[in-house]
Amino acid sequence: MNGTPQSKLDPRVKNVWRVNDVIWIVLGYLCCAAPFAICAAIEPAPWAFVLVAVLSAIAAVLLVVFLVVLPPVRYVRWRYELHDDYLDIAKGIIWRKRYIIPFIRVQNTDTRQGPILRAFGLSSVTVATAAGEHVIPGLANDVADQVRDRAAELARIAREDM
């Protein structure tokens, strides 16, 4: 269990994260700024224009951070590895998290694919235990199928060896 897991996510996951983050930032910006922009258009008030400008600046900074800075760092920090007895996941930028999931505890493994992942030819692998789910995001479809099948096989073997 020592050392960092060696398997990386597919590099295309950085673009998935970017698209997802752009959608959330733009939606948040529109929800926050639209009422003030409408207010400023109906009855011009300097405070409304200033508030829209401040919200626009915040949105621009968030876009730069979430599109340029975070995806490469997040990608470098995300690792996983399948061992014979457990799944090892390491992730996190500021708060590092390390999960060791014994296959004896695994109840279910599956692959998931939303519209953004599908557009990039990627899938996520989910490993479920009684305590919750652990997701390995952004693997190529064939790799995700292999990881899912291998994790399910190792879980079956672990239960038989009890």
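The predicted model contains zero disulfides. Cys31 takes part in no such bond, and the cysteine sulfur nearest to that of Cys31 belongs to Cys32, 6.7 Å away. A disulfide would require the two sulfur atoms to lie within 2.5 Å. The side chain of Cys31 is not hidden from solvent: its residue has a relative accessible area of 60% and is therefore classed as exposed. For Cys39, the closest cysteine sulfur is again that of Cys32, but the separation is 15 Å, which is too far for a bond. Cys39 is partly exposed, with a relative accessibility of 30%.

The description now turns to the strands. Four of them form an open sheet in the order β1-β2-β3-β4, with antiparallel pairing. Because β1 (7-8) and β4 each have a single partner strand, they stand at the edges, and one side of each is left without a neighbour in the sheet. In general, strands of a sheet pair through backbone hydrogen bonds, in either a parallel or an antiparallel arrangement.

At one edge, β1 pairs with β2 (residues 79-82) in the antiparallel sense over two bridges. Within this pairing, Lys8 has Arg79 of β2 as its bridge partner. At the other edge, β4 (residues 97-102) runs antiparallel to β3, and six bridges join the two strands. Ile89 is found opposite Tyr99 of β4. The strands β3 and β4 make up a hairpin with five residues between them. In the turn of this hairpin, Gly92 adopts a positive phi of about 115°.

The strand β3 also contributes to the largest pocket, as one of the elements that give two or more residues to its lining. How much space does the largest pocket hold? Its volume is about 400 Å³. The lining comprises 21 residues, and those nearest the centre of the pocket are Trp17, Arg74, Trp78, Lys91 and Pro137. Besides β3 (86-91), the elements supplying two or more lining residues are α1 (13-42), α2 (46-77), α3 (115-119) and β7 (132-140). Which element provides the largest share of the lining? That element is β7, with five residues.

In chemical character, the lining of the largest pocket divides into twelve nonpolar, five polar and four charged residues. Both helices and strands thus appear among the contributors to this pocket, including α1 and β7.

Notes
Residues numbered from 1 in each chain as written. Predicted model: local features only at pLDDT ≥ 70, side-chain atom pairs only at ≥ 80, totals over all residues. Heavy atoms only, no water. 1 Å grid on protein atoms, 1.4 Å probe; cavity = no way out; pocket = protein on both sides within 12 Å on 5 of 7 lines; lining within 4 Å. Points joined across faces, edges and corners; volume = space filled by probe spheres on them. Helix = DSSP H or I, 4+ residues; strand = E, 2+ residues; numbered from the N terminus. Nonpolar A, V, L, I, M, F, W, Y, C, P; charged D, E, K, R; others polar. Pairing = 2+ DSSP bridges. Buried < 20%, exposed > 50% of the residue type's maximum accessible area, 1.4 Å probe, protein only.
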